[in-house]
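Here are a few short exercises on charged side chains. Have a look at the model first, then try each task before reading its solution.

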Amino acid sequence: MDTIRPFTVYPAIDVRGGAVVRLHKGDYDQETRYTDNPVAVAENYARSGATWLHLVDLDAARAGGYTLLETLRTITETTGLQVQTGGGVRSVEDVEQLLDAGATRVVVGSLAVREPETVVGWIDRFGPERITVALDTRIGEDGTWVLPVAGWTSVDGQDLITTLHRYDGSGLRHVLCTDIGRDGTLSGPNFHLYTMLTRSAPDLQVQASGGARTVDDVRAARRTGCAGIILGKALLEGRFTVGDAVQEEAV
């Protein structure tokens with residue numbers, strides 16, 4: 001019988017120019033806008049049973065300089081949600097600022113690929129429960145999983161598994177992996193990718209992201225060995241509800 005580990009549903013709110021949006025395959029030129037009130041969306045998710053929120057500053061992910069501090073503070077103060085958030089995190093001061101504003105975990109993406117030794121220092125300083133490393137990936141021309149950075153707009157040759165192993169022995173616990181080719185597509189998660197990741201690093205808590213479309217995808221992510229799943233477009237478009245998804249946490 002399969003061993004099922006504890007599992008967390010992370011409703012996602014991606015913000016660009018103050019609005020809740022979704023990008024198609026990470027393309028800033030293919031954006032769907034839903035509402036100008038991210039706090040209201042977070043409140044709805046909390047009322048529906050969510051305990052966590054994944055909050056992304058898309059402007060900062062590309063240009064640096066996190067812009068959602070007031071939004072983060074308001075969400076954590078009014079909803080009771082635990083928030084993991086990132087976008088443009090480049091320095092220890094950025095991490096401190098987000099934690100001080102109420103974040104439970106800070107998501108580090110581009111720097112985690114370019115300077116893993118820096119992020120290892122942050123894991124040691126703040127503890128493994130305070131840092132999530134985002135290794136977001138797409139298939140390269142040679143068939144390897146490459147890691148675009150700067151809001152997925154630039155590729156500098158790093159590959160997924162090699163980069164992941166640079167964190168061996170660091171205490172890293174939480175890894176968020178988005179299949180960029182499925183993000184915002186409602187085409188279903190890439191379970192081959194997550195099977196490879198969970199087998200390569202069984203001690204890590206892997207969060208699946210990209211393509212979720214049904215509650216069956218939530219259930220399948222858990223059975224693949226993931227510790228959580230990010231849900232974005234499917235929730236915003238009413239394919240299923242947060243309440244439907246969080247029922248899978250306790251199964």
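**Exercise 1.** Which side chain meets E248 in a salt bridge, and what is the N to O distance?

*Solution.* Keep in mind that you are working with a predicted model. The partner of E248 is R219, at 2.9 Å from N to O. Next, place the two along the chain: R219 belongs to helix α9 (residues 215-224), whereas E248 lies in the segment after α11 (242-246). With these positions 29 residues apart, the pair links distant parts of the chain. Finally, check accessibility, where buried means under 20%. E248 has a relative accessible area of 9%, so E248 is buried. R219, at 35%, is partly exposed.

**Exercise 2.** Find the salt-bridge partner of R73 and place the pair in its helix.

*Solution.* R73 pairs with E70, and their closest N and O atoms are 2.6 Å apart. Both sit in helix α3 (residues 69-79); because they are three residues apart there, about one helical turn separates them. For accessibility, R73 comes out at 28% and counts as partly exposed, while E70 reaches 54% and counts as exposed.

**Exercise 3.** Locate R173 and E129, which form a salt bridge, in the chain.

*Solution.* Start with the contact: the closest N and O atoms are 2.7 Å apart. R173 is in the loop between α7 (160-165) and β11 (174-178), and E129 is in the loop between α6 (116-126) and β7 (131-134). The two are 44 residues apart, again linking distant parts of the chain. R173 is partly exposed at 34% relative accessibility, and E129 is partly exposed at 35%.

Technical notes:
Residues are numbered from 1 along each chain as its sequence is written. This is a predicted model: local features need pLDDT of at least 70, side-chain atom pairs count only at pLDDT 80 or more; totals for chains, interfaces and linings use all residues. Side-chain values use heavy atoms; hydrogens and water are left out. A salt bridge is a side-chain nitrogen of Lys or Arg within 4 Å of a carboxyl oxygen of Asp or Glu. Helices (H or I, at least four residues) and strands (E, at least two) are DSSP runs, numbered from the N terminus. Buried means under 20% relative accessible area, exposed over 50%, partly exposed in between (1.4 Å probe, protein chains only).
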